[in-house]
Amino acid sequence: MKHKLPTLGMVCPFPLIEAQKAMDELPSGDELVIDFDCTQATESLPRWAAEAGHIVTNYEQLDDASWTITIQKK
Amino acid sequence: MTQMILTGLLCGALLGFVIQRGRFCLTGGFRDMYIAKDNRMLYALLIAIAIQSVGVYALIETGVIEYSAGQIPWVATIIGAYVFGIGIVLAGGCATGTWYRAGEGLIGSWIALAGYMLMSAVMKTGALKPVNSSLKDTAVTNNSIPDTFGLNVWLFIALLVVITLFFVIRTLRKPKVKIPSLPPKRQGLAHLLFEKRWHPFFTAILVGLIAILAWPLSEATGRNSGLGITTPSANVLQYLVTGDDSKYINWGVFLVLGILLGSFIAAKASREFRFRVPDAKTAVSSFFGGILMGFGASWAGGCTIGNGLVQTAMMTWQGWIALAFMILGTWTASYFMFVRPRARAAKQRAATLQATTA
């Protein structure tokens, strides 16, 4: 199942903090779609996902300073 | 004057470009030492300090620049750095971080910057000048670490280089996790400059070199100092409201304006510039963060750059003491903003789960 987490307008480190919080609530195998516009999160989100062992199923830049990443819970 | 404008803007633009592309966020780095048990950014900072230390003391030895460590007001440095550390977490970035995020189009950072400039000016030449100076006369001693021990400064620099190398090598030897990256859309130089992820240690080397460059450029215009953010940020506002250019216009002013310019160029070319408006909560917290930053940095005599990067490289007590208490400040704020709320949520979840299964 896919869950949407809008973090537009949030500054570093809140997209990551909110993503971690949301991930805590999800069952294994579910996906979290995070839309974000905080530049620093282009580094912190994929890094956290990789280090926590989750799988990044999609990661792309949508527009100027606008990105989306989909992380599947391990 | 022309020289001051050109070299100041150039040095600032280089710094702004490099920290934007390298995502050189010290606030995030200090915070992650605590909440993610990740010391990478601290080691990156050590690299920048060590490079600058070697370079600047070589310039001092050869007589290119002059430097005197002066005195340190202990109480003001400790309290100021701690308050500054709390402020940068609320503001979502340190002083330099706020300048470069402002260049990325983050309105929240403009708000933080406004609070920061305002409070710095209030502390330096405004209503709170007596508060600022009162603590600065308390517990004042010699600032130079080598002088305190009666040893040569190079001994301390060598020690710093060895410690830095130890942590850097240990970090680089750790087994790597593959970090997913965006699919590349550009090639060659454009890819390297405006797309590729920069390793924090690589960015740190560039920051260290720019910090060295700042010294001779700044001294050539009569400002005997290296990179600095707080006083120049206050100077911008002080000049704007008094019109007194002889007092408030200096190399540092163009340096901070250059950071904004460099980060804007980097962000624009990387498709990372856009005006982004924060929600009310973030806006308020950014403003108060900026106020605390201005208050703290004025007392401590510097920010993450002035104290954390430059004074540390000069081997002063002020630099290292301020760095330690700044980090403690970020940890304190991180506990209340991130650690405690998450622990509470986890507890609540466990309680709900128990209630449904019982």
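**Entry 1: Gln52(B)**

I began with Gln52(B) in this predicted model and placed the residue in helix α3 of chain B, which covers residues 40-61. Is Gln52(B) buried or exposed? I counted 26 other C-beta atoms within 10 Å of Gln52(B), and the cut-off for burial is 20 or more, so I entered Gln52(B) as buried. Leaving out residues up to four places away in sequence, I found that Gln52(B) touches Gly208(B), Ala211(B), Ile212(B), Leu309(B) and Ala313(B). I also looked up Gly226(B), which is 174 residues from Gln52(B) in sequence, while the two C-alpha atoms are 9.9 Å apart in space.

**Entry 2: Positive phi in the loops of chain B**

I next looked up backbone angles. Most residues other than glycine have a negative phi. Arg23(B) is not a glycine, yet I read a positive phi of about 45° there. I located Arg23(B) in the loop between α1 (2-21) and α2 (26-35) of chain B. Lys37(B) is likewise not a glycine and has a positive phi of about 50°; I located Lys37(B) in the loop between α2 and α3 of chain B.

How many C-beta neighbours does each have inside 10 Å? Arg23(B) has 21 and therefore counts as buried. Lys37(B) has 7 and therefore counts as exposed.

**Entry 3: Helix α12 of chain B**

I turned to α12(B), residues 230-242. This helix has 13 residues and reaches 18 Å from its first C-alpha to its last, close to the 18 Å expected at 1.5 Å a residue. I listed the buried residues of α12(B) as Thr230(B), Thr231(B), Pro232(B), Ser233(B), Ala234(B), Asn235(B), Val236(B), Leu237(B) and Gln238(B). What covers them? I noted that the cover includes α5 (95-103), α6 (107-125), α13 (245-248), α14 (251-269), α15 (280-300) and α16 (306-313) of chain B. Just after α12(B), I read a positive phi of about 70° at Gly243(B).

**Entry 4: The sheet of chain A**

I moved to chain A, where four strands form an open sheet in the order β1-β2-β4-β3, with mixed pairing. Why is one side of β1(A) and of β3(A) left without a neighbour in the sheet? Both strands stand at the edges and each has a single partner strand, so one side of each remains without a neighbour. Direction ignored, I found neighbouring strands turned by 15° against each other on average.

I then went through the pairs. β1(A) and β2(A) are parallel, over five bridges, and I noted Val33(A) in β2(A) as the bridge partner of Lys4(A). β2(A), residues 31-36, runs antiparallel to β4(A), with six bridges; here Phe36(A) has Trp67(A) as its bridge partner. β3(A), residues 55-63, also runs antiparallel to β4(A), with seven bridges, and Asn58(A) has Thr70(A) as its bridge partner. I recorded β3(A) and β4(A) as a hairpin with two residues between them, and in the turn Ala65(A) has a positive phi of about 50°.

**Entry 5: The two faces of β4(A)**

Which residues of β4(A) lie on the covered face, and which on the uncovered one? I assigned Trp67(A), Ile69(A) and Ile71(A) to the covered face. Ser66(A), Thr68(A), Thr70(A) and Gln72(A) make up the uncovered face. The bridge partner noted for Phe36(A), Trp67(A), is thus entered here on the covered face.

**Entry 6: Helices across the sheet**

I looked up how the helices of chain A lie relative to the strands. α1(A) lies across β1 and β2 of chain A and runs at about 165° to β2(A). α2(A) lies across β2, β3 and β4 of chain A and runs at about 5° to β4(A).

**Entry 7: The contact between the chains**

How many residues does each chain bring to the contact? I recorded 21 from chain A and 29 from chain B. On the side of chain A that touches chain B, α1 (14-25), α2 (41-52) and β3 each supply at least two residues. α2(A) gives the most, with five residues. I divided the residues of this side into nine nonpolar, four polar and eight charged.

**Entry 8: Confidence in chain A**

Lastly I looked up the pLDDT values. Chain A has a mean pLDDT of 90, and 100% of its residues reach 70 or more. Within chain A, I found the confidence lowest in α1(A), at a mean of 88, and highest in β4(A), at 95.

Methods: Residues are numbered from 1 along each chain as its sequence is written. Chains are lettered from A and ligands numbered from 1 in the order in which they are written. This is a predicted model: local features need pLDDT of at least 70, side-chain atom pairs count only at pLDDT 80 or more; totals for chains, interfaces and linings use all residues. A residue is buried if 20 or more other C-beta atoms lie within 10 Å of its own, exposed if 12 or fewer, and partly exposed in between; C-beta atoms are placed from the backbone. Two strands pair if DSSP finds at least two bridges between them. Two residues are in contact if their C-beta atoms, placed from the backbone, lie within 7 Å. Ala, Val, Leu, Ile, Met, Phe, Trp, Tyr, Cys and Pro count as nonpolar, Asp, Glu, Lys and Arg as charged, and the others, Gly among them, as polar. Axes are lines fitted to C-alpha atoms, for helices over the stretch in contact, and angles run from 0 to 180 degrees between N-to-C directions. pLDDT is the predictor's confidence in each residue, from 0 to 100. The expected span of a helix is 1.5 Å times one less than its number of residues.
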